[in-house]
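Me: I'd like to go through this one label by label. Can you set each value against its definition for me?

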Amino acid sequence: MIDVTKPFLPPIEEYQSLVNDIWSRNWLTNNGPLVRNLEIELKKHLELDHLLFTTNGTIALQLAIRALNLTGEIITTPFSYVATTSSIVWENCRPVFADIDRNRLTIDPTKIEALITKETTGILATHVYGIPCHVEEIEVIAKKYSLKVIYDAAHAFGTQYKNKSLLDYGDVSTLSTHATKLFHTIEGGAVISKDAEVIKRMELLRNFGHDGAYKFNGVGINGKNSEFHAAMGVINLKHIDAILADRIRVSQHYDSRLLSLNIRRPEIPKSTRYNHSYYPIIMENEEILLKVSHSLQANGISTRRYFFPALDTLDYVIKANNPVCDNIAPRVLCLPMYFNLLRSDIDQICDIILKEMKN
Ligand SMILES: *Cc1c(COP(=O)(O)O)cnc(C)c1O
């Protein structure tokens, strides 16, 4: 059985050693030393000003929307994981969908301006598969109309754009460190901002609004994370260079084996050091996609249709007609991609794809 993803697990002794420390301190959660240490290490590693570790990537999105006081309409992408849209709705805002760029599969900046109304307060875009959005064009629009920009950077750990972390763009960037992500803490996420005020608000929001033991500054939620999750992050961060390097190996082997086929790959913009967080292929049509994925499944190989269906078809949003997304979402397939995926397994996957597509 080859899964589409497999969580990275460090040598157990490394994790055990930090668990022993937790036992001796008897400090399990509530901004403990490992949580603070992980935040410091992540800021250092990613060269970021401010970062807060959160329960997960969905709460991170909700904290960002709250902290930036977004209301009314938020312009967003229909091509992402459901949490990008559900967090907007959960925060009592309305998602307004702009179509995607057919090359990068991220939000198409030329489609944003026509959707702006008096009700629009922000843009929430996803660096889908870790591919940078058109951050410069989006910034120009946001400035012109005084909109806030949130990037759902759940896939973006390790991607650099113009010599800095992709997490350093936007008013707030959010990260997921869920077990399926390239850098993980089992469950977890983070909010990132250059603005100390915004970070301060998110810090209050993350901890019930506690401003000291007996004073509350606004309504908050429990968005904290535990020492056990932080421990996994501290250890996994030590392995991150190996994790990123191995994904290049996997990607390149897929590239070389699938070269001859009529499949398209999303475009990585110039000045990007890409993290290879996924291996999506864009097939000619949905019929071929289904034929290939069924054949892989029959051979014990799982794939995922990230991201299908498009989010502008969810039953709790106002439906939108986005021809590029409607056309592409049904024919993208993500192939297995994880640390130490065997070369022989990649060969087996490619043999099946080649066989199905040449028939
Ligand atoms: C994984 C993911 C999320 C949600 O993160 P969780 O940590 O699972 O809550 C949000 N957006 C995108 C694009 C994701 O892939």
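Reply: Sure, starting with a cysteine: Cys133 has a relative accessible area of 0%, and buried means under 20% (exposed is over 50%, partly exposed in between, with a 1.4 Å probe and protein chains only), so Cys133 is buried. One caveat is that this is a predicted model, where local features need pLDDT of at least 70, side-chain atom pairs count only at pLDDT 80 or more, and totals for chains, interfaces and linings use all residues. Residues are numbered from 1 along each chain as its sequence is written, and side-chain values use heavy atoms, with hydrogens and water left out.

Me: How do you know that Cys133 is not in a disulfide with Cys325?

Reply: A disulfide is a pair of cysteine sulfur atoms within 2.5 Å. The closest cysteine sulfur to that of Cys133 belongs to Cys325 and is 13 Å away, so the two are too far apart for a bond. Cys325 is in no disulfide either, and the search of the whole structure finds zero.

Me: What makes Cys325 count as buried?

Reply: Its relative accessibility is 0%, so Cys325 gets the buried label.

Me: And why is Ser251 called buried?

Reply: The relative accessible area of Ser251 is 1%, so Ser251 is buried. Ser251 sits in helix α8 (residues 240-258), where helices (H or I, at least four residues) and strands (E, at least two) are DSSP runs numbered from the N terminus. Leaving out residues up to four places away in sequence, Ser251 touches His276, Tyr279 and Met337; contact means heavy atoms within 4.5 Å.

Me: What makes β2 and β3 a pair?

Reply: Two strands pair if DSSP finds at least two bridges between them. Strand β2 (residues 73-76) has four bridges to β3, and the two run parallel, so they meet the cut-off of at least two bridges. One bridge partnership is Glu73 with Arg94 in β3.

Me: Which other strands does that rule link to β4?

Reply: β2 and β4 are parallel, with four bridges, and Thr76 stands opposite Leu124 in β4. β4 and β5 are parallel too, over five bridges, with Gly122 opposite Lys148 in β5. As for cover, six of the seven residues of β4 are buried.

Me: Why are β1 and β3 called edge strands?

Reply: The open sheet has seven strands in the order β1-β9-β8-β5-β4-β2-β3, with mixed pairing. β1 (50-54) and β3 (94-97) each pair on one side only. From one strand to the next, the twist averages 25°.

Me: How is α4 placed against the sheet?

Reply: Helix α4 (residues 82-90) lies across β2, β3, β4 (120-126) and β5 (148-152), at about 140° to β3. That angle is between N-to-C directions on a 0 to 180 degrees scale, with axes fitted to C-alpha atoms, for helices over the stretch in contact. Ala83, Thr84, Thr85, Ser87 and Ile88 of α4 are buried, and the buried residues of α4 pack against α3 (57-67), β2, β3, β4 and β5.

Me: What makes Thr58, Asp152 and Lys181 polar partners of the ligand?

Reply: A polar contact is a pair of N or O atoms within 3.5 Å (within protein, one must be able to donate a hydrogen and the other to accept it, and residues adjacent in sequence count only if both atoms are side-chain atoms). The side chain of Thr58 has an N or O atom 2.6 Å from a ligand oxygen, that of Asp152 has one 2.7 Å from a ligand nitrogen, and a polar side-chain atom of Lys181 lies 3.1 Å from a ligand oxygen.
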